[in-house]
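Please look through the structure below slowly, beginning with the chain as a whole and ending with a single helix.

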Amino acid sequence: MDKATVDRVFAPAARAALEAFPIDACDLTLVSLSENVTFKVTDGRDGRPYVLRLHRPGYHTLEELVSERAWIRALAEAGIDVPDAVMTRDGQDYVAVNIAAIGEKRFAGMASWTEGRLLSDVLAGMTDQSLIEASFKQLGAITAAMHVQASAWTPPPGFKRHALDSDGLMGMAPHWGEFWEHRSLTAGERSLLLDVRQRLHALLSRLSRDPSAYSVIHADLHPGNIVVDGERLTVIDFDDAGFGWHQYDIATALTHWQTKPNAAEIERAFLAGYRAKRPVPDEALSLIPQFRLIRWMATIGWFHQRPEVNRPSAIFEERKAWVLDQCAALQLSR
């Protein structure tokens, strides 16, 4: 969708939503058009920037979106850098708007703009291995701090988010889609994924759900969702946050680098940062390879649900091939 089409379809709803918030909005600029539609907005009174997000329909109810905000505020109170939410003039987290051009209703929310660069972009330009490892060590510490907060936190009454449990990840109706049904898979590959899905579902079903191991998690905590501004790292994009095992967060942070030549050093640095903030048993960490596989299987499901996002890319094919190799290895190990 080109900019002119975005302006025609979504900008009127964004401007209507802005009337509900206590700023003098100007300079509405599209930032991202993916599952959600995200704009950068400037307050004409003081020049402060904000982000306005039109949340995709059908993914979260209003109750679930408000619950997301409740956890973000709790993280901020625990000293973790997250965007500051902006309430509407009447004290609500979100306002409903109609996308007249396509007949959709969306909830719009606003937060402070986070200055800086994505950690993924920063890392892509780094050649100094020690700096790369230092970044992952810091990311590990932030991940641990979030798990410390969530393990001890009692969600408020009415809190509701999806569960990334055995069914949510590896059930027959997983949260991010039936990965074994992706159109690019052969019949043999589909059968292989279904077999491994069953084995992983059984594994997850045996895991503890004690809050020390299973709590609210970010569930998409990779370098592309961390903003770097000097020494400050801010966690963004809580769209996928739900109840899940802490190993899933750890695996997610590491899977995007698992094919790099320095992947082992990066993992050691991340875990050193994590363990400096929060003890984690070796037994729990021994399951990280399985959670890596679960992460990429879920990613195939995500693409299956959204064929319009893009055509199969080299990155997707690389990840699919890795998943199939890992699944074949698991079958041979039986």
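Of the 334 residues of the protein chain, 50% count as buried in this predicted model, a label given to residues with under 20% relative accessible area. The surface that the protein chain exposes comes to about 15,500 Å², and carbon and sulfur atoms supply 52% of that area.

The overall dimensions can be checked against a simple rule: because a compact globule with 334 residues would have a radius of gyration near 20 Å, the 20 Å found for the protein chain agrees with that expectation. Taken along the principal axes, the box filled by the C-alpha atoms is roughly 65 × 45 × 45 Å. Within the protein chain there are twelve helices and twelve strands, and among the contacts with a separation of 6 or more, 72% join residues that are 24 or more positions apart. As for charge, the protein chain carries 36 positive and 43 negative side chains, with the centres of the two sets lying 2 Å apart.

Now turn to helix 7, which covers residues 187-205. Its 19 residues should span 27 Å at 1.5 Å a residue, and the C-alpha atoms at its ends are 27 Å apart, so the helix agrees with the expected span. Which residues of helix 7 are buried? They are L192, L193, D195, V196, R197, L200, L203 and L204. These buried residues of helix 7 pack against helix 6 (166-170) and strand 12 (242-245), and also against helix 11 (288-305) and helix 12 (314-332).

Notes: Residues numbered from 1 in each chain as written. Predicted model: local features only at pLDDT ≥ 70, side-chain atom pairs only at ≥ 80, totals over all residues. Heavy atoms only, no water. Helix = DSSP H or I, 4+ residues; strand = E, 2+ residues; numbered from the N terminus. Expected span 1.5 Å × (residues − 1). Buried < 20%, exposed > 50% of the residue type's maximum accessible area, 1.4 Å probe, protein only. Contact = heavy atoms within 4.5 Å. Rg over C-alpha atoms; globule rule 2.2 N^0.38 Å. Areas by Shrake-Rupley, 256 points an atom, 1.4 Å probe, with all protein chains shown as cover. Lys, Arg positive; Asp, Glu negative; His and termini not counted. Charge placed at Lys NZ, Arg CZ, Asp CG, Glu CD.
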